Amino acid sequence: PYPWGDGQIHAVYDNTGSQIGSTVDHIRFTVDTAGTVKIDILSWESDPLSGAPIDLNGDGEITFLDTYIYLFRDDGSLDSSDYIAHNDDSDHTYGDGSIWSTDSYLELNLAAGNYLLAIGAYDLGMDEAILRENRDNFYPIRCDIAGPDCTSTATASDHGDYRVSFSSNVSLT
C-alpha cells in the first residue's frame with residue numbers, strides 16, 4: 001500500500017474538563033485511474049492473544065482507537081448525498097501491519113475523481129463524520145507500555161494515533 005502517514009484523533013473536553021467526544025479527521029484524495037482502491041488503517045496496539053502492548057508505529061507510546069471510517073465523493077459541498085461506504089472493523093486489515101480486526105479497511109472499485117475519507121473513533125455516525133465532531137466519549141484510550149497487558153492499565157487519553165495507507169492509484173490533495 002501507499003503510506004499516507006500518521007494522524008491523531010484528539011479527545012474534546014467541555015469547560016469543566018469532562019470529555020464530550022473526539023475529533024474526526026478529513027483526508028482528501030484523488031483516484032488517478034479508475035479501479036480498485038484500498039484504504040487501510042493501523043491503530044490498535046496490543047497483542048490480540050495476550051493483550052500485551054506493542055508499539056506498532058514506533059512512537060514510544062501505546063494509544064488506541066477503534067477506528068471508524070466513512071468514504072464520500074468530494075464535490076466541494078460535503079453532505080450525506082456524497083456517501084459511498086463506511087467500515088468499523090475488518091478481517092482484511094492486516095496488510096499494513098495491523099494485528100487487530102478493530103482497525104478499519106475498505107476495498108472498492110472507484111471511478112477516477114476526488115474523494116474524502118473521514119476517520120474517527122467508534123461509534124461514529126455519518127452526520128458526525130461530516131461535521132468532524134464525534135460525540136461518543138470512550139476513545140481515545142492509552143495503556144502503560146511497561147504494563148503486562150493493556151486491559152489492566154487502560155486509561156483515558158487526550159489523543160489516539162493512527163496510520164492510513166492507500167493503494168498506489170491514489171494521490172493526496
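Here is a short chat between a visitor and a guide about this predicted model.

Visitor: Let's start with the basics: how many helices and strands are in the chain?

Guide: Along its principal axes, the C-alpha trace spans about 45 × 40 × 20 Å. Of the 173 residues in the chain, 47% are buried. As for the parts you asked about, the chain holds two helices and 14 strands.

Visitor: What is the radius of gyration of the chain?

Guide: The globule rule gives 16 Å for 173 residues, and the chain comes close to that, so it is as compact as a globular protein of that length. The value for the chain is 16 Å.

Visitor: What share of the contacts with a separation of 6 or more is between residues 24 or more positions apart?

Guide: One pair that links distant parts of the chain is arginine 28 in strand E3 and aspartate 74 in the loop between E6 and E7, 46 residues apart. Across the chain, the share from residues 24 or more positions apart is 70%.

Visitor: Which strands stand at the edges of the five-stranded open sheet?

Guide: The pairing in this sheet is antiparallel, and the order is E7-E6-E9-E3-E14. A strand at the edge has a single partner, so one side of it is left without a neighbour in the sheet. That is the case for E7 (83-87) and E14 (170-172).

Visitor: By how much are neighbouring strands of that sheet turned against each other on average?

Guide: Take the strands in their order, E7-E6-E9-E3-E14. Ignoring direction, the average turn between neighbours is 30°.

Visitor: How many bridges join E6 and E9?

Guide: E6 covers residues 67-73 and pairs with E7 over four bridges, in the antiparallel sense. One partnership there puts tyrosine 70 with histidine 86 in E7. Towards E9, arginine 73 stands opposite tyrosine 115. The antiparallel pairing of E6 and E9 has seven bridges.

Visitor: Is strand E9 largely enclosed or left open, and how many of its nine residues are buried?

Guide: E9 runs over residues 113-121 and is largely enclosed by the rest of the structure, because most of its residues fall in the buried class. E9 also pairs with E3 (residues 25-31) over seven bridges, with leucine 116 as the bridge partner of arginine 28. The number of buried residues in E9 is seven.

Visitor: Which element gives the largest share of the largest nonpolar core?

Guide: This core has 29 residues, and Phe29, Ile39, Leu117 and Val164 touch the most other members. Several elements give two or more residues, among them E3, E4 (35-42), E6 and E13 (159-166). The largest share, four residues, comes from E9.

Visitor: Which residues does leucine 117 touch, not counting those up to four places away in sequence?

Guide: Leucine 117 is one of the members of the largest core that touch the most others. Its contacts are Asp25, His26, Ile27, Phe29, Ile39, Ile69, Tyr70, Val164 and Phe166.

Visitor: Which residue forms a salt bridge with arginine 28?

Guide: The structure holds two salt bridges. Arginine 28 is partly exposed, with a relative accessible area of 39%. The closest N and O atoms of its salt bridge are 3.0 Å apart, and the partner is aspartate 74.

Visitor: In the salt bridge of glutamate 128 with arginine 135, which residue is buried?

Guide: The closest N and O atoms of this pair are 3.7 Å apart. Arginine 135 has a relative accessible area of 54%, so it counts as exposed. With a relative accessible area of 9%, the buried one is glutamate 128.

Visitor: Is serine 22 buried or exposed?

Guide: Serine 22 is found in strand E2 (residues 19-23). Beyond its neighbours within four places in sequence, its contacts include Ile9, Val12, Ala121, Asn134 and Tyr139. Its relative accessible area is 2%, so serine 22 is buried.

Visitor: Where is the cis peptide bond that leads to proline 140?

Guide: Most peptide bonds are trans. Proline 140 has its place in the loop between E10 (133-134) and E11. The cis bond, with omega near 5°, runs to proline 140 from tyrosine 139.

Visitor: What is the phi of arginine 132?

Guide: Most residues other than glycine have a negative phi. Arginine 132 is found in the loop between H1 and E10 and is partly exposed, with a relative accessible area of 41%. Although arginine 132 is not a glycine, its phi is positive, at about 65°.

Notes: Residues numbered from 1 in each chain as written. Predicted model: local features only at pLDDT ≥ 70, side-chain atom pairs only at ≥ 80, totals over all residues. Heavy atoms only, no water. Pairing = 2+ DSSP bridges. Axes fitted to C-alpha atoms, helices over the stretch in contact; angles between N-to-C directions. Buried < 20%, exposed > 50% of the residue type's maximum accessible area, 1.4 Å probe, protein only. Salt bridge = Lys/Arg side-chain N within 4 Å of Asp/Glu carboxyl O. Core = buried A, V, L, I, M, F, W, Y, C linked by side-chain atoms within 4.5 Å. Contact = heavy atoms within 4.5 Å. Rg over C-alpha atoms; globule rule 2.2 N^0.38 Å.
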